[in-house]
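The following exercises concern a single protein chain and are to be worked with the sequence and the coordinates at hand. Each task is followed by a solution in steps.

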Amino acid sequence: FHVASSYMQALWDILLEAGKPFDIQNFGLEAQNILRMEKGHIIIGSESEQRTTLHDVGLGFLWRRDKPEANTVGAAALRHTEHQKGRLKLVGFKMQDDTARPPGDGSIIVADRIRGYVCIARHSESLGEVVGMVLVDDSLSEPETLLQIYEDECRGKLRYARVATMPFYDPEGKRMRS
């Protein structure tokens, strides 16, 4: 809906009233963003960059080498990067510190140098903790690897997270099938 802001409350009230028989609930884009993150669903351009391939985001299984169309746009990059060391890999993480504040999107992962960045991090109500996705050097992509997160507003104090297996929520898909 596109309405003048002065009409928004009235429209909101009308929609809620009309939806009462269907038990309509408020739903926003941020809620949708958290739900897709909990399931490990990526947004191209948010959890990827120009150099990212299917292999880097855990979707290499989608590349069908045995089909003629495997030689389409991008196939050369997939062949070249499939076993290349030092690439950024998309992994999940869970915060280790006791604050409920997620690190900011774009916060950097550091060690002896910049080793990646936070793509998205949010507090998950269903999991009761802060989770997110990062693009990190492949040497930091194994589960349980400690990640150090630098944020300007932390005055040089690092925050810590551990690489976690995705999806975070219902990894077997049982809820979807019930």
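## Exercise 1: The setting of strand β4

Strand β4 is mostly covered, eight of its nine residues being buried. The model under study is a predicted one.

**Task.** Determine which strands β1 and β3 are joined to by bridges in the antiparallel sense, and how many bridges there are.

**Solution.**

Step 1. Between β1 and β4 there are seven bridges, and the two strands run antiparallel. A pair that fixes the register is K89 with its bridge partner V136 in β4.

Step 2. Between β3 and β4 there are eight bridges, again with the strands running antiparallel. Here Y117 has L135 of β4 as its bridge partner.

Step 3. The hairpin of β3 and β4 has four residues between the strands, and in it G128 adopts a positive phi near 70 degrees.

Step 4. β1 also pairs with β6, in the antiparallel sense, over four bridges. In that pairing K94 stands opposite R162 of β6.

Step 5. The burial of β1 follows from a count: six of its eight residues are buried, so β1 is largely enclosed by the rest of the structure.

## Exercise 2: The nonpolar cores

**Task.** State how many residues the largest nonpolar core has, and identify the elements that give two or more residues to it.

**Solution.**

Step 1. The largest nonpolar core has 14 residues. Those with the most contacts inside it are F93, I109, V118, V134, V136, L147 and I149.

Step 2. Two or more residues of this core come from each of β1 (88-95), β3 (114-124), β4 (129-137), β5 (146-150) and β6 (159-164).

Step 3. Apart from this core lies another, of 11 residues, including V57, L90, V131 and F168.

Step 4. L147 may be examined individually. With neighbours within four places in sequence left aside, L147 is in contact with F93, I109, V134, V136, L140, R159, Y160, A161 and V163.

## Exercise 3: Helix α2

**Task.** Which residues of helix α2 are buried, and against which strands do they pack?

**Solution.**

Step 1. Helix α2 covers residues 29-38, and its buried residues are N33, I34, R36, M37 and E38.

Step 2. The buried residues of α2 pack against β3 and β4.

Step 3. Just after α2, G40 has a positive phi of about 75 degrees.

## Exercise 4: Two pockets

**Task.** Give the volume of the largest pocket and of the second largest pocket, and describe the lining of each by class.

**Solution.**

Step 1. The volume of the largest pocket is about 320 Å³. Its lining consists of 15 residues, with V57, G58, L59, L90 and M166 lying nearest the centre.

Step 2. By class, eight residues of that lining are nonpolar, four are polar and three are charged.

Step 3. The second largest pocket holds about 170 Å³ of space. The residues lining it are F1, M8, L11, W12, L15, L16, I24, Q25, N26 and F27.

Step 4. By class, the lining of the second largest pocket has eight nonpolar and two polar residues, and no charged residue.

## Exercise 5: Local features in the loops

**Task.** Decide whether E151, R155 and D170 are buried or exposed, and describe the backbone at R155, D170 and P167.

**Solution.**

Step 1. E151 lies in the loop between β5 and β6. Its relative accessibility is 2%, and because buried means under 20%, E151 counts as buried.

Step 2. The surroundings of E151 include R101, P103, G104, S107 and R159, which it touches when residues up to four places away in sequence are not counted. The C-alpha atoms of E151 and S107 are 5.7 Å apart, although 44 residues separate them along the chain.

Step 3. For the backbone, a reference is needed: most residues other than glycine have a negative phi, and most peptide bonds are trans.

Step 4. R155 is also placed in the loop between β5 and β6. Its phi is positive, near 50 degrees. With 78% relative accessibility, R155 counts as exposed, the cut-off being over 50%.

Step 5. D170 lies in the loop between β6 and α4, and its phi is positive, near 45 degrees. At a relative accessible area of 16%, D170 is buried.

Step 6. P167 lies in the loop between β6 and α4 (174-177). The peptide bond from M166 to P167 is cis, with omega near 0 degrees.

Technical notes. Residues are numbered from 1 along each chain as its sequence is written. This is a predicted model: local features need pLDDT of at least 70, side-chain atom pairs count only at pLDDT 80 or more; totals for chains, interfaces and linings use all residues. Side-chain values use heavy atoms; hydrogens and water are left out. A nonpolar core is a set of buried Ala, Val, Leu, Ile, Met, Phe, Trp, Tyr and Cys residues joined through side-chain atoms within 4.5 Å. Buried means under 20% relative accessible area, exposed over 50%, partly exposed in between (1.4 Å probe, protein chains only). Contact means heavy atoms within 4.5 Å. On a 1 Å grid over the protein atoms alone, a cavity is a set of points where a 1.4 Å probe fits but cannot get out, and a pocket is an open set with protein on both sides within 12 Å along at least five of seven lines; lining residues have an atom within 4 Å of a point. Grid points are joined across faces, edges and corners, and a volume is the space filled by probe spheres set on the points. Ala, Val, Leu, Ile, Met, Phe, Trp, Tyr, Cys and Pro count as nonpolar, Asp, Glu, Lys and Arg as charged, and the others, Gly among them, as polar. Two strands pair if DSSP finds at least two bridges between them.
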